[in-house]
Amino acid sequence: MALEQLSDVVQRCQTIQDENFSPVDFDLFQSAGKTCIEQGDSAQVLSIVIDDKNTNIVRCMGWNLLEPLVKVLLKKEDKNLPHCHAILTHLIEVCSPKELVVGLLEQVEEADTDAIAETIVLLLKPLRTVLLKLGKKKSSSVGMALSTILGQVAQLPVPLSKEQEEDDVFGLCRCCTALLDFIRPFVEEVKEHIKHSRSISRDDELKGEILKFCMKSLSEPLLEVQLKDPDTLEQSPLRDFATEILVILSSIGEPLPSLLCHNMLRKREVPGFLEEDVRYPKESLACLAHLLFVKHIAMDIFPAVLSPIFLLQCNMEYVELLLSRTEESRLQKGLELYEKTLVRVEDCSLPVDLLDLKPFFSVPQNLVKVMTLCPVQTVRTKGLSVFQLSIDKFNTEAKYKFFRCMLKTSEHAGVEGYIIKNIKNQIDLSLGPGNENEWFLGKHLLPLLHQVLRLPQGPETDLLHNLDRIMESLNLLRYLLIRDKEWENETGIWNELYKIEDSFLKPLRMGLNMSKAHYEAELKNAKENKKSSGTGSKAAACTVTVGNERLPNMTPEMQLQVLQSALFTFDLIESVLARIEEIAEAKGRV
C-alpha cells in the first residue's frame with residue numbers, strides 16, 4: 001500500500017513543471033517513503049530515488065527521508081542496511097545542502113539518550129560532506145553544526161576509570177575522535193587562509209566558529225574529564241582530543257601563551273570587553289591552564305620564557321574560578337593547578353604587592369572553604385597542603401600581611417590556629433642567627449601578637465569551639481616567654497606582658513573557671529539522673545543543645561562521655577595557662 005502511494009506521488013510529480021510541488025505532495029512523499037523504509041521496502045525506495053527521472057523530486061523532497069533512514073542505520077543488524085546506506089549517500093549527493101544540514105542536525109538533536117553517541121558517529125561524515133558543498137557561505141552552518149553536536153556530547157557521562165575509557169562505555173571517546181575528523185578540513189581551510197593572507201583577522205567567520213568549538217570543548221567535556229597519564233593509560237582518546245584542541249587553537253592564530261594570559265593582557269577600558277568574555281570564556285581558559293601545567297599537554301608548543309611569578313598571576317584567576325565551585329572535579333583541578341603553578345616559584349619570593357590583587361585575596365578565602373566545608377577528606381587534605389605551599393612562597397613582609405588578613409577574615413578556629421602556628425614558626429626562624437627581620441621581631445610583631453593573643457568574645461568566648469585558636473595562642477605565648485630572654489627581649493613580648501595579661505590571660509582564666517563550673521554541675525546532674533533512673537530500666541535519651549542547634553538525642557552514657565571530654569579539654573587549657581603564669585611570675589611580671 002505504502003509503496004503504491006510512493007510510486008503514485010512520484011509519477012504525478014514527474015509531470016509538474018519548475019518543481020512547483022504542493023504541500024500535499026511533500027506530505028505524501030514523506031509519509032509513504034517513511035513507511036516503505038520502516039516496512040523493509042528500502043530496495044524499492046532506492047530504485048525510485050536513483051531513477052534519473054526523479055532527480056528534481058528527490059532534490060526537493062528527499063531530505064524528508066532522513067529520519068527513517070537513520071533509525072534503520074542505527075540498528076546495524078537490519079538486512080536493509082546496504083540499501084539504506086545507498087539511499088543516504090544518494091541524498092547527500094543530490095539534495096539541497098542547506099536542507100540536508102537542517103535535516104541531519106534535527107536527527108542529532110532528536111536522538112534518544114542511549115543513542116546520542118551512535119547517531120553522532122553515524123552522521124558526522126555525511127554532515128561534513130554537505131557542509132563542504134556550501135563553499136564560502138558555510139561558516140554559520142559549520143558553527144550551528146558544531147554547537148548542536150557539542151550540546152549533545154555534553155549529555156554523555158564522562159568515563160571515571162581507566163577501564164571505562166578503554167571500553168568507551170558511554171561513547172564519549174568515539175564522539176571526540178569523530179569530531180576531530182569532522183573539523184579537520186575546516187581547520188585546514190583557515191590555516192591556508194592565514195598562510196596566503198599573511199595576517200590573522202578576528203573577522204574571519206570560519207575561524208571564529210572553530211574558536212567557539214575549541215572553547216566549548218575545553219569547558220565541556222574536557223573540564224569534566226580526569227585525563228589519565230600515559231603511564232596509566234597508554235592510548236587515551238580523550239587525551240588525544242585535548243591535545244588536538246590545543247594544537248588547533250595554536251594553528252588558527254590563537255597562541256597558547258596569549259590565551260593563557262588573556263585576562264591579564266587585555267585592557268578592560270577598551271569598549272567591547274564583554275564580547276571578549278564570550279569569545280574567551282574564563283572556564284575554558286581555566287581548563288587550558290590545567291591541561292598545560294598539570295597534564296603537560298602541548299607544552300612543546302608553549303614557550304618557557306615566561307617567569308614563574310608572571311605565570312602565577314595569569315593562573316590565579318583560573319584557580320579562583322575553580323576553587324569557587326563546589327563540584328569535586330572542579331575543586332580537584334583548582335588545587336592541582338595552584339600547586340603545579342606554585343612549585344615553579346622560588347620560596348620566599350612573592351612580593352607583598354601581589355596581595356593587593358583580588359585573586360590573591362579571594363583564593364585563600366576559597367581554600368579555607370575547601371579545607372573546612374568540602375565533604376571529601378582527600379580534597380580537604382590537599383587543600384591544606386596547597387594552603388601551606390602558598391604561604392611558603394611569600395616573602396617575609398607578604399607573610400606578615402597575609403597572616404594579619406587571614407586572622408581578620410577566616411572566622412574558623414581551626415584555620416586561625418593553623419595561621420598562629422605559622423606565625424610561631426616565622427618568629428622562631430627570625431630569632432635564629434642571621435635571620436633577623438623587622439616583621440616578626442620588635443615593633444611590627446607586637447600588633448600581630450595583640451591580634452593573636454585575644455579572646456573573640458572575652459570571658460564569654462566558647463572555649464570548646466575556639467579550642468584550636470586558644471591552644472595555639474597559648475603555645476605561642478609560652479614559646480615566646482621561654483625562647484626570648486627577658487634581658488634580650490628581641491620580640492618585645494616582655495614590654496607587652498601586662499597588656500596581654502589584661503586582654504587575654506585574665507579573661508581566659510575567668511572564662512575557664514565559668515566553663516569548668518558549668519560543666520562540673522552538668523556532670524553531677526547527669527550522674528544523679530542516671531543513678532535515679534535505676535539500673536534495671538531502659539536508659540532514656542536526652543537532648544543536648546550547642547550554639548542554639550539541637551544535636552541528635554544521646555543516651556545518659558553518651559552525655560557523660562561528652563561532659564567528661566569537655567572537662568578534660570579545660571584541664572588541658574589550664575595546664576598550659578598555669579605554666580605561662582608560672583614563667584611570668586618567676587620573672588616578677590604577673
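This report covers the overall build of the chain, its nonpolar core and two loop residues.

**Overall build**

The model is predicted. Its secondary structure comes to 27 helices and 2 strands. The radius of gyration is 35 Å, whereas a compact globule of 590 residues would have one near 25 Å. Along the principal axes, the C-alpha atoms fill a box of roughly 120 × 75 × 45 Å.

Buried residues account for 49% of the chain's 590 residues. Contacts between residues at least 6 apart in sequence were also sorted by separation, and 74% of them join residues at least 24 apart.

**Surface and charge**

About 29100 Å² of the chain is exposed. Carbon and sulfur atoms supply 51% of that area. The chain carries 68 positive and 86 negative side chains. The centres of these two sets are 4 Å apart.

**The largest nonpolar core**

The largest nonpolar core holds 188 residues. Within it, Ile 210, Leu 218, Leu 246 and Ile 427 touch the most other members. Helix H11, residues 172–197, gives the most to this core, with 13 residues.

Ile 210 has contacts beyond its neighbours within four places in sequence. Its partners there are Ile 183, Phe 186, Val 187, Val 190, Ile 248 and Ile 252.

**Two loop residues**

Ser 410 and Pro 303 both sit in loops between helices. The table gives the flanking helices.

| Residue | Helix before the loop | Helix after the loop |
|---|---|---|
| Ser 410 | H22 (396–409) | H23 (413–430) |
| Pro 303 | H17 (282–293) | H18 (308–323) |

Is Ser 410 buried or exposed? Ser 410 is buried, because its relative accessible area is 10% and the cut-off for buried is under 20%. Neighbours within four places in sequence aside, Ser 410 is in contact with Val 368, Val 415 and Glu 416. Val 415 and Glu 416 fall within the residue range of helix H23 (413–430).

Pro 303 is partly exposed, because its relative accessibility is 34% and that class runs between the 20% and 50% limits. Which proline lies 7.6 Å from Pro 303, C-alpha to C-alpha? The partner is Pro 257, 46 residues away in sequence.

Definitions and conventions
Residues numbered from 1 in each chain as written. Predicted model: local features only at pLDDT ≥ 70, side-chain atom pairs only at ≥ 80, totals over all residues. Heavy atoms only, no water. Helix = DSSP H or I, 4+ residues; strand = E, 2+ residues; numbered from the N terminus. Rg over C-alpha atoms; globule rule 2.2 N^0.38 Å. Buried < 20%, exposed > 50% of the residue type's maximum accessible area, 1.4 Å probe, protein only. Contact = heavy atoms within 4.5 Å. Areas by Shrake-Rupley, 256 points an atom, 1.4 Å probe, with all protein chains shown as cover. Lys, Arg positive; Asp, Glu negative; His and termini not counted. Charge placed at Lys NZ, Arg CZ, Asp CG, Glu CD. Core = buried A, V, L, I, M, F, W, Y, C linked by side-chain atoms within 4.5 Å.
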